[in-house]
Amino acid sequence: MAKLAPSILSCDFSRLREQLLAAQAGGAEVIHVDVMDGHFVPNITFGVPIVKAVKKILPQATIDVHLMIETPRRYISEFAEAGADIISFHVEAERDFDATINLIKKHGKKAAVALCPGTPVEFVSEIISKLEMVLLLTVNPGFGGQTLLPGMDEKILKLRREIARRGLRTEIEIDGGVKEENIEYLASRGASIIVAGSLVFSDEEAIEEKVRRLSLKIK
Ligand code: DX5
Ligand code: ZN
């Protein structure tokens with residue numbers, strides 16, 4: 001059904017290598033990297049140096065870079081060269097979707113767009129066929145550890161139905177507010193990649209065991 005993509009937003013950066021290796025040992029194949037610029041969202045996280053570090057630590061992993069930044073097209077090449085495998089940019093931060101998608105593809109990377117909770121799926125209906133993935137933010141962007149917003153399950157289902165109706169293979173990634181009690185339900189709504197940050201990195205259960213257990217739940 002779905003793959004788990006641990007988000008490093010909630011990891012202990014003084015133990016980044018150890019925690020990434022534990023996540024991979026638990027079966028994680030996709031690592032989600034939340035880039036925030038303090039303008040598109042009221043928080044600053046990390047950028048190209050951390051993408052390079054994650055790629056160096058886990059060269060076999062799929063590095064899934066979520067750009068919560070203004071003017072994302074200006075930075076696509078840097079993130080591509082740093083080791084990103086999937087690059088998601090926010091449709092609320094870009095006007096020329098085609099130019100940005102084409103630039104990601106020119107670098108041989110998977111192109112994706114991200115939608116804030118308030119942005120309807122219809123906003124991307126004209127470009128879905130050009131995308132490998134659509135990221136649905138299921139919390140308002142900026143911080144980990146939030147609660148899943150109401151109605152997001154219906155939004156996932158609506159996008160899943162639109163992709164199916166058009167016979168496309170575009171993946172749906174959901175990001176934000178994923179917890180033990182909702183992860184299986186969200187996978188059943190049609191999400192094929194499920195991002196989890198605080199659920200994976202913020203409690204005492206061993207990361208390897210946690211990733212293995214959660215991955216089995218949504219497999
Ligand atoms: C929001 C971030 C978070 C993060 C996951 O801007 O994108 O959604 O990836 O955070 P958790 O899993 O802790 O809600
Ligand atoms: Zn994210």
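Two residues count as being in contact here when their heavy atoms come within 4.5 Å of each other. By that yardstick, Ser 77 touches Leu 103 and His 107, once residues up to four places away in sequence are set aside. Keep in mind that this is a predicted model. Below is a quick tour of a zinc site, a cavity, a couple of helices and a few single residues.

**The zinc site**

- Four residues coordinate the zinc ion (ligand 2): His 32 through NE2, Asp 34 through OD, His 66 through ND1 and Asp 175 through OD.
- The distances for this coordination run from 1.9 to 2.1 Å.
- Along the chain, the donors of the zinc ion (ligand 2) are spaced as H-x1-D-x31-H-x108-D.
- The two histidines tie together distant parts of the chain, with His 32 sitting in strand β2 (residues 30–36) and His 66, 34 residues apart from it, in strand β3 (residues 62–68).
- Are these histidines buried or exposed? His 32 counts as buried because its relative accessibility is 0%, and His 66 is buried too, with a relative accessible area of 0%.

**The cavity**

- If you go looking for enclosed space of 30 Å³ or more, you'll find 1 cavity in the structure.
- The largest cavity holds about 200 Å³ of space.
- Its lining is made up of 24 residues, and those nearest the centre are Leu 9, Phe 143, Gly 144, Asp 175 and Gly 176.
- The elements giving two or more residues to that lining are β2, β3 and β8 (193–196).
- Sorted by character, the lining of the largest cavity has 10 nonpolar, 11 polar and 3 charged residues.
- Asp 175 turns up twice in this story: it is one of the residues coordinating the zinc ion (ligand 2), and it is among those nearest the centre of the largest cavity.

**Helix α1**

- Which residues of helix α1 (residues 16–25) are buried? They are Leu 16, Gln 19, Leu 20, Ala 22 and Ala 23.
- Looking down the axis of α1, you'd see these buried residues fall within an arc of 160°, so they line one face of the helix.
- The cover over the buried residues of α1 includes β1 (3–6), β2, α2 (48–57), α7 (198–201) and α8 (207–218).
- After α1 comes Gly 27, which has a positive phi, near 110°.

**Helix α4 and its neighbour α3**

- Helix α4 (residues 97–106) has its own buried set: Phe 97, Thr 100, Ile 101, Leu 103 and Ile 104.
- These residues are on the same side of α4, because they cover an arc of only 160° around the axis.
- What do the buried residues of α4 pack against? Their partners are α3 (76–82), β4 (86–90) and β5 (110–115).
- Ser 77 belongs to helix α3, and with a relative accessibility of 25% it counts as partly exposed.
- Ser 77 and Leu 103 are 26 residues apart in sequence, yet their C-alpha atoms are 7.6 Å apart in space.

**Residues in loops**

- Thr 71 sits in the loop between β3 and α3.
- Thr 71 isn't a glycine, but it has a positive phi of about 40° all the same.
- At 35% relative accessibility, Thr 71 counts as partly exposed.
- Pro 117 is in the loop between β5 and β6 (133–137).
- Although Pro 117 is a loop residue, it counts as buried because its relative accessibility is 11%, and buried means under 20%.
- Leaving out neighbours within four places in sequence, Pro 117 is in contact with Leu 137, Thr 138, Val 139, Asn 140, Pro 141, Leu 149, Met 152 and Lys 155.
- Pro 117 and Leu 103 are 14 residues apart along the chain, with 26 Å between their C-alpha atoms.

**Arg 160 in helix α5**

- Arg 160 is part of helix α5 (residues 152–165), and it counts as partly exposed, at 24% relative accessibility.
- Which residues does Arg 160 contact, leaving aside its neighbours within four places in sequence? They are Thr 170, Ile 172, Arg 189, Gly 190 and Ser 192.
- From Arg 160 to Glu 122 is 38 residues in sequence and 12 Å in space, C-alpha to C-alpha.

Note on methods:
Residues numbered from 1 in each chain as written. Chains lettered and ligands numbered in written order. Predicted model: local features only at pLDDT ≥ 70, side-chain atom pairs only at ≥ 80, totals over all residues. Heavy atoms only, no water. Donors = N, O, S within 2.8 Å, 3.2 Å for Na, K, Ca; no water. Helix = DSSP H or I, 4+ residues; strand = E, 2+ residues; numbered from the N terminus. Buried < 20%, exposed > 50% of the residue type's maximum accessible area, 1.4 Å probe, protein only. 1 Å grid on protein atoms, 1.4 Å probe; cavity = no way out; pocket = protein on both sides within 12 Å on 5 of 7 lines; lining within 4 Å. Points joined across faces, edges and corners; volume = space filled by probe spheres on them. Nonpolar A, V, L, I, M, F, W, Y, C, P; charged D, E, K, R; others polar. Arc of directions from axis to C-beta.
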